[in-house]
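This report looks at one strand with its partners, and then at one pocket. Please have the sequence and the model at hand while reading.

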Amino acid sequence: MNIYPKSADTIVIGGGTAGAVIAGRLAAQGQAVLLLEAGPDYGAWADGRWPAELSDGRVVASTHSWEFTHNGADGQPDHALERARVLGGCSAHNGCVALWGHRADYDGWAAAGNRGWSMDEVQPFFAKANAALRVRRFAPAEVTPFHAACIEAISRWGIPRVDDLNHVDENLGVNTAPVNLNGTVRWNAAFAYLDPVRNSGQLTVIGATLVERVQMQTGRVTAVDVMGPSGRATIAAERVVISAGAYGSPAILLRSGIGSAEELQTLGIQPVVDLPGVGRNLHDHPALYLQFNGTARLINAMETFVTQGHTLFSEQSLAKLRSEQCTTAFDLHIYPVGYRDLSQPSDWSFTVPVANVAPLSRGVLRLVDSNPNHRPRIDSGYLTDPAGHDLAVLRSGLAIARQIVRQSPLADLVGEELPTSAVITDDASIRRHCLHYYHPVGTCKMGPATDPLAVVNAQGKVYGTDNLFVADASIMPVIPRANTNLPAAMIGERIAAFF
């Protein structure tokens with residue numbers, strides 16, 4: 001049985017954070033929307049069919065993975081680049097940290113020629129996303145002994161304890177992070193934006209569907225080719241919005257003949273629009289993960305915390321701070337993670353990661369062929385800027401993180417650094433052990449037509465087309481100093497308002 005309609009007014013490709021926002025907002029406005037998601041659709045939250053690992057906001061989920069891997073010269077070889085293949089996307093997978101970034105991030109986008117994207121202009125859309133995703137603060141009684149010690153140690157080291165880490169004009173600060181948690185439920189974008197309109201008659205959601213390509217004639221998208229449980233189909237469309245993420249969106253464009261004409265021809269793909277920027281400008285927050293044993297004192301405190309009826313959240317505390325190289329706002333995050341394996345209650349883990357949140361290095365995503373089942377080749381480009389700035393930032397951050405761990409009261413609670421990270425001592429080992437912070441952006445860069453790497457304009461419309469848009473983290477010209485879930489939701493809100 002063919003589950004696909006013959007046509008749709010608006011097709012949204014990808015039901016992750018931004019895609020769910022776009023589809024939900026357009027349906028709420030009375031527009032007919034078809035949302036295609038490669039992963040499963042478990043229905044509304046109230047239906048009770050969501051797997052526990054996706055709804056449990058205490059720990060980061062690991063199932064429903066796209067199984068992308070890093071294929072670059074720098075960074076831990078072949079490490080996983082976790083992206084969630086499920087409705088809600090990475091908002092159904094993440095640590096629930098709901099940061100906005102700094103004013104300089106979005107004012108920088110606007111100054112680069114993206115009108116409508118300054119901090120003052122996007123702040124109302126952040127506020128809408130905060131409300132829909134039920135962003136809240138941890139109550140003092142919810143803060144685990146580990147995170148409380150981390151906040152105190154960072155404060156004693158010299159970072160001020162601030163009231164709100166989303167204050168967009170503050171450069172330094174530590175506290176618990178705002179989170180998209182409804183109690184202990186990870187309140188993802190599908191719950192927030194799709195559930196209210198599922199029965200409106202304006203929204204159709206079809207899961208387990210891969211998009212092969214979009215068809216175009218004389219600059220207009222005419223149809224979308226898909227493959228799913230009932231086979232292949234072609235769906236005519238009046239407008240298409242691609243929201244498949246920093247890895248998925250450029251891949252769909254490239255399979256559709258939109259990208260570097262020269263490179264597409266080498267893959268046997270007929271070029272339709274020559275846009276060399278598709279797949280370029282890839283960047284993430286490069287990070288190092290320092291791992292420590294917990295002392296008997298810390299483990300006893302954590303277990304007592306649980307027996308007293310409290311909930312263990314793996315991610316709570318976060319600090320924004322400056323490396324020795326920083327000249328604007330801040331360029332480092334330290335974001336401690338403390339948890340125990342839910343299947344092995346005696347197995348505790350304490351990690352103090354540090355990330356460069358203002359990287360200069362850029363990578364690239366390329367197709368290996370036109371088959372949508374074949375993963376693209378992804379080089380995240382960590383630490384490749386010619387001047388070595390990003391390496392220097394991480395080197396400084398590494399030293400700061402280790403100083404903080406030896407600051408009271410944290411020093412009395414964590415044991416020795418584990419060999420897995422203690423070996424990170426010089427530039428070569430930083431390069432070998434660098435990982436991502438789960439925040440890829442930039443592969444469908446938003447910018448003016450004069451920018452040779454620009455893929456979309458300031459309304460998200462793909463250059464050389466009339467009715468094809470991209471709306472997700474891939475359009476970010478420069479990564480914000482924040483976890484990217486809330487900025488991605490803001491992008492969905494902002495572009496939905498353009499329609």
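Strand β15 (residues 337–340) pairs with β16 in the antiparallel sense, over four bridges. Within this pair, Arg340 has Trp348 of β16 as its bridge partner. The model is a predicted one.

Two further strands are joined to β16. Strand β12 (residues 287–294) runs antiparallel to β16, with six bridges between them. Strand β14 (residues 332–334) is also antiparallel to β16, and three bridges join the two. The table lists the pairings.

| Strand | Residues | Bridges to β16 | A residue and its partner in β16 |
|---|---|---|---|
| β12 | 287–294 | six | Leu290 opposite Val352 |
| β14 | 332–334 | three | His333 opposite Ala355 |
| β15 | 337–340 | four | Arg340 with Trp348 |

How is β16 itself placed, covered or open? Strand β16 (residues 348–356) is mostly covered, and nine of its nine residues are buried. In a regular strand the side chains alternate between the two faces of the sheet. In β16, one side holds Trp348, Phe350, Val352, Val354 and Asn356, all buried. The other side holds Ser349, Thr351, Pro353 and Ala355, and these are buried too.

The second topic is a pocket. The second largest pocket has a volume of about 300 Å³. It is lined by 19 residues, of which Ala358, Pro359, Leu360, Val478 and Arg481 are the closest to its centre. Helix α3 (residues 103–111) gives the most to this lining, with four residues. By type, the lining of the second largest pocket has ten nonpolar, five polar and four charged residues.

Key
Residues numbered from 1 in each chain as written. Predicted model: local features only at pLDDT ≥ 70, side-chain atom pairs only at ≥ 80, totals over all residues. Heavy atoms only, no water. Buried < 20%, exposed > 50% of the residue type's maximum accessible area, 1.4 Å probe, protein only. Pairing = 2+ DSSP bridges. 1 Å grid on protein atoms, 1.4 Å probe; cavity = no way out; pocket = protein on both sides within 12 Å on 5 of 7 lines; lining within 4 Å. Points joined across faces, edges and corners; volume = space filled by probe spheres on them. Nonpolar A, V, L, I, M, F, W, Y, C, P; charged D, E, K, R; others polar.
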